[in-house]
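Hi everyone, thanks for making the time. I'd like to walk you through one structure today, so please have a look at it with me.

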Amino acid sequence: MGKMVEIGMKKGPWTPEEDEILSSYIKREGGGRWRTLPKKAGLRRCGKSCRLRWMNYLRPSVKRGGISPEEEDLILRLHCLLGNRWALIAGRIPGRTDNEIKNYWNTNLSKKLISQGIDPRTHKPLSSSSSNPNYQNFVHLSCSMEQPEVGLPNSNEIISNPNSNKDENKEDEILSYSADDAFLDSLINEEM
DNA sequence: AATACAGCCAACCGCAACAGA
DNA sequence: GTCTGTTGCGGTTGGCTGTAT
């Protein structure tokens, strides 16, 4: 498939005028059909850019900033279970977007974990830091959800190598498990 | 006051997944 | 089943802002 190059499209930060055009169009006509939307709305932006702006900023349900300690703890728990599946994590935290959670993780939480001697990718102690007393605190805080009784992978398996596609069946199993609503709900409710 | 540096986050890019013809 | 266009996701980057020198 040939790459579609959009010429004459504006890039970079959105202006208040563009925001107004996009949100009033979507309120009037609804979202979706992102590729044709900007032309119909009268915007010189690509569909991707419009979708991103709406999803991460303009949607009325989007909360911005001020992540609470409860939300932070939930992000830690979900990341421990799911790895860098930001959309999946965001789906369990009302009003938060994948982009916001990803940014919060990269700028705050991963540094916090590193300072505690924890590898933010694996949620295991960094090399030669397993005796770090902070690790015990972190395990209690972040990874203390009960492991399922039977037939389910543990969280370390899930995130041990997120880029590997060598075992498709296993990956499917993990994905279906990871997205299990009842289990994730129990994880959330345990915390609230 | 000017400059350098660091942190943060909005937005972009590439690719995978999905949908439908 | 295959091809093609669209959407969604995650990694990355560029630029803005605040702080240090």
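Let me start with a question: how far apart do the end C-alpha atoms of residues 59-109 lie, and what percentage of the span is helix? The end C-alpha atoms are 26 Å apart, and the span is 61% helix and 0% strand. Before going further, a word on what you are looking at. This is a predicted model, in which local features need pLDDT of at least 70 and side-chain atom pairs count only at pLDDT 80 or more, while totals for chains, interfaces and linings use all residues. Residues are numbered from 1 along each chain as its sequence is written, and chains are lettered from A and ligands numbered from 1 in the order in which they are written.

The span I asked about comes from a record: UniProt, in an unreviewed entry, places "domain: Myb-like" at residues 6-58 and 59-109. Positions are in the numbering used here, feature names are shortened, and such annotations may be inferred rather than shown by experiment.

Now the overall picture. Chain A has ten helices and two strands, where helices (H or I, at least four residues) and strands (E, at least two) are DSSP runs numbered from the N terminus. Along the sequence, the pattern reads α-α-α-α-α-α-β-β-α-α-α-α. Of its 192 residues, 18% are buried; buried means 20 or more other C-beta atoms within 10 Å of the residue's own, exposed means 12 or fewer, and partly exposed is in between, with C-beta atoms placed from the backbone.

Let's zoom in on α4, residues 69-82. Its 14 residues should span 20 Å at 1.5 Å a residue, and the end C-alpha atoms are indeed 20 Å apart, which agrees. The expected span here is 1.5 Å times one less than the number of residues. Among the buried residues of α4 are L74, R77 and H79. Right after the helix comes G83, with a positive phi near 75°.

Helix α4 also matters for our next topic, the core. The largest nonpolar core has twelve residues, including L74, I75, W86, I101 and W105; such a core is a set of buried Ala, Val, Leu, Ile, Met, Phe, Trp, Tyr and Cys residues joined through C-beta atoms within 7 Å. Helices α4, α5 and α6 each give two or more residues to this core, and α4 gives the most, with seven.

W86 takes us on to the DNA, as one of the residues closest to strand C. In all, 15 residues surround that strand, near meaning that the C-beta atom, placed from the backbone, lies within 6 Å. Helices α3, α5 and α6 each supply at least two of them. By class there are five nonpolar, four polar and six charged residues.

What about DNA strand B: how many residues surround it? There are 14, with K11, P13, W14, S49 and T107 the closest. Here α3 and α6 are the elements giving two or more residues.

Finally, two backbone curiosities. R33 has a positive phi of about 45° although it is not a glycine, and R33 is found in the loop between α1 and α2. H123 also has a positive phi, near 60°, and H123 sits between β1 and β2. Which of these is buried or exposed? R33 is exposed, with 10 other C-beta atoms within 10 Å, whereas H123 counts as buried, with 22.

Terms used
Ala, Val, Leu, Ile, Met, Phe, Trp, Tyr, Cys and Pro count as nonpolar, Asp, Glu, Lys and Arg as charged, and the others, Gly among them, as polar.
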